[in-house]
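Let's walk through this structure together, one contact surface at a time. Keep the 3D view open as you read.

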4 protein chains.
Amino acid sequence: MRRLTEEVNAVSDIAIDPWLKELLRLNDEEEKMTDKQIKIVQAAVEIFSEKGFAGSSTSEIAQKAGVAEGTIFRHYKTKKELLLSIVAPMMTKLIAPFAVKDFTKVLEADYPTVEQFLRAITVNRLEFARKHFPVIKIFMHEIPFHKELREQFKETVADMVLEKAYKAIRHFQGGGQLIEIPAPTSMRLIVSSIIGLLITRFLLVPESEWDEEKEIDYTINFILHGLAPRKS
Amino acid sequence: MRRLTEEVNAVSDIAIDPWLKELLRLNDEEEKMTDKQIKIVQAAVEIFSEKGFAGSSTSEIAQKAGVAEGTIFRHYKTKKELLLSIVAPMMTKLIAPFAVKDFTKVLEADYPTVEQFLRAITVNRLEFARKHFPVIKIFMHEIPFHKELREQFKETVADMVLEKAYKAIRHFQGGGQLIEIPAPTSMRLIVSSIIGLLITRFLLVPESEWDEEKEIDYTINFILHGLAPRKS
Amino acid sequence: MRRLTEEVNAVSDIAIDPWLKELLRLNDEEEKMTDKQIKIVQAAVEIFSEKGFAGSSTSEIAQKAGVAEGTIFRHYKTKKELLLSIVAPMMTKLIAPFAVKDFTKVLEADYPTVEQFLRAITVNRLEFARKHFPVIKIFMHEIPFHKELREQFKETVADMVLEKAYKAIRHFQGGGQLIEIPAPTSMRLIVSSIIGLLITRFLLVPESEWDEEKEIDYTINFILHGLAPRKS
Amino acid sequence: MRRLTEEVNAVSDIAIDPWLKELLRLNDEEEKMTDKQIKIVQAAVEIFSEKGFAGSSTSEIAQKAGVAEGTIFRHYKTKKELLLSIVAPMMTKLIAPFAVKDFTKVLEADYPTVEQFLRAITVNRLEFARKHFPVIKIFMHEIPFHKELREQFKETVADMVLEKAYKAIRHFQGGGQLIEIPAPTSMRLIVSSIIGLLITRFLLVPESEWDEEKEIDYTINFILHGLAPRKS
DNA sequence: AATGAATGAGTGTTCATTCAT
DNA sequence: CATGAATGAACACTCATTCAT
């Protein structure tokens, strides 16, 4: 994670928590997958994201994947297990940018100003969303209905990310770059703005009407001024 | 809409677009509903919001409502019609604060500063969300899966609100209270912040840890500074 | 139970344990059954007894009953519940001849000799088996595979019958009509002989080659001599 | 078969019907079995006897046997063939005690009294049941559902045994040791008593409460007196 | 207006069996 | 000989919807 904008897999030169390595390894078992299994997952992602989990049928997935219905259940005990096998790994990837041991050092070395940090995060997550949009959509729709998802998210993701993010915020508050309001509140305001950007980009506005560079600039300036220490 | 914080129904002393009146009337047919029908709707809201539309069964709704399975279909031709009867009226209510003919006049008369306007909107929508949380949840989950919902939302709601909202933004930009960036972008940043507030309040944070007054203040100040005209 | 050979329902002039009445009542809810439900039960009995429970499919039962497959599950939550609804009541009927309060009195009044008692029991159970043969067959095949059946049988049937039967045996032993060996052993030898008779009659021998009167006589004489007190 | 209580394999010094030899040979192909095949048969016996044939799945058997699902079908074309390969040999063993050419001679030489003969048979079959209990259970449960089993049993077993058994009965009737009633009826009464003993021993009574010696004595005395020629 | 029995298409899942490796 | 991925028919069961009462 020399650069937040780089893919996690490419940053093995940096200290990574060993448990993350484990998680990533588990995730990357993609290679042991059968051809048919890969097709099943692809079909499932498409259909789940289009119709929702409960609204999709395994027979439809099998058909789109070009396999027999039984084949799905050879690889996933239940339809739900198929869902989780798609969505759970995403959570690991979600925390990737923060999955670094010496977070403060990274901040100091690579991101001296809030602006640089925010821009890195924004661009990085924008890229991430572009790449994994359908899975993210599935995830966001299903999380209210599946306890396991919710718990896994809270435990392994939210806590992990929040801790590091608060650290970053306090780091910049200490440096006089951010106003001294509660870190969770700062966090909320930053995240709202970035997620608002992502949603607008991927759900609401047709690509043709979207000037990404400019919108990123506006958003970051909005956050920077919104959270700048008040003068006088 | 003398005060945005007042209930729409209470503002009949103000000029209301006639089509809105129609919509509200349609919505208020609640009174013609039989006891059983009301129980069906209540049960449906609970179950839909808990399990999602596709994950709920009409028999479960009937059971929770204490009616026979057939009774649901006496009032609603299909399960989907039941969903729409719940969700569609909400959209009307959503646009209520903007459903005023002479919007600029209202702004000038009641909300001379951006802050006043933002605070009114925020408090008002917070109240709205508190009241209609389950239905909003249903709405947000189902909108990607139902063309009718999406279209109705775009046509009768989004457009209507956007137009008025842009007008308000330009009004305050003209008055030098807001930075001169594209109205849609300003809109996005404002709405992101407010929705982020609502989501944090209703989905993420336990009530005990939430100081509403403060969070509202932080949010409004964030927006105000974020969108303040840059000095020099 | 003035006469063991009479149907239980016909003996209301005799004291019957109240719990038995309850059981019989529950069982006789046949009257509240739909036409279709009765047909389902009939079809299920036929098919279960022909192919065994696990070897029968609900679709086959539905077809033979002339109903839609869903109809079965409207009346019985699961296939197993259908099985139990068929088999469980049989157990109650099985104990009917012993379901009398003052068993010793009945013995003294109606069956002064072992022979009379044995003959009554034999004829009565032969009649019972003739009537309920398919259900008995189902019961005997399924009891090893269903804990509920086993437990219900042990608790409500075996114990109930054994107690009374032992009483009868000791009654006749006291009167010098039976050899003084342990009641359970006597019981085993009697029951083996009678069940052997039933099985031979209903499973092994074609009706044409069977002289029922004679076989009953042989069997009862066999038991009487086998259990007669040894002379000197 | 010098002694009925001895294992069949140990009696090769006695004249054996050649067809039996063939059957035993077929059965003893156990030695040509691979390790895996033996494990499959063992697993199948356990699972079939626990859940019944129709209630067991080949995948479960494969799992318990520690082999791949396909391996079963390398050795047995179908699930049913596996069943038959387990159950059919048992039938051969069942008739073993009677599989002797010169049956009457054996009776005269080794079992001069009915009591000796009955005791030998009883002890021998009790031992047999103890050894092969699970397979016997499978056999008894499946015989009503499989024509092949039924026919094989009738043709090669029942007839074979019956013939010899009737011969034995008539032999003892001729000697004045048994009452002169039809041989099939005598047979039925004897077999009922012995099977009743076996069932009580292996299915109903916990070992702790069972005094085998005594129960055998009671049973044999019961049969002897039950079938003793009536005096005057 | 309300019921609840009935439907039959559809659900997720299991099954015995096949076959390329 | 052994594997295990793949199959597709069958399975028990659920569903939204209909309709006679």
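**Where protein meets DNA**

A backbone polar atom of A:Thr58 sits 2.8 Å from a phosphate oxygen of DNA strand E. This is a polar contact (a pair of N or O atoms within 3.5 Å; within protein, one must be able to donate a hydrogen and the other to accept it, and residues adjacent in sequence count only if both atoms are side-chain atoms). The model is predicted, so local features need pLDDT of at least 70 and side-chain atom pairs count only at pLDDT 80 or more, while totals for chains, interfaces and linings use all residues. Residues are numbered from 1 along each chain as its sequence is written, chains are lettered from A and ligands numbered from 1 in the order in which they are written, and side-chain values use heavy atoms, leaving out hydrogens and water.

Stay with DNA strand E for a moment. An N or O atom in the side chain of B:Lys36 is 2.8 Å from one of its phosphate oxygens, and a polar backbone atom of D:Lys79 is 2.6 Å from a phosphate oxygen of this strand. Among the elements that give two or more residues to the surface near DNA strand E are helix H3 (58–65) and helix H4 (69–75) of chain A. Helices here are DSSP runs (H or I, at least four residues), numbered from the N terminus. In total, 36 residues surround the strand, where "near" means that a heavy atom of the residue lies within 4 Å. Sugar and phosphate account for 59% of the atoms of DNA strand E that come within 4 Å of the protein.

Now turn to DNA strand F. How many residues surround it? There are 34, and A:Thr34 and B:Lys79 are among the closest. A polar side-chain atom of D:His75 lies 3.0 Å from a phosphate oxygen of DNA strand F, and a backbone N or O atom of D:Ala68 lies 3.2 Å from a phosphate oxygen of this strand.

Finally, look at where chain C touches chain D. Each chain brings 33 residues to this contact, which counts heavy atoms within 4.5 Å. About 2,500 Å² is buried between the two chains; buried area is the accessible area (1.4 Å probe) that two parts lose on being put together, summed over both. C:Phe145, C:Arg188 and C:Phe222 supply 28% of the area that chain C buries here. C:Arg188 also forms a salt bridge with D:Glu215, with the closest N and O atoms 2.6 Å apart. The term means a side-chain nitrogen of Lys or Arg within 4 Å of a carboxyl oxygen of Asp or Glu.
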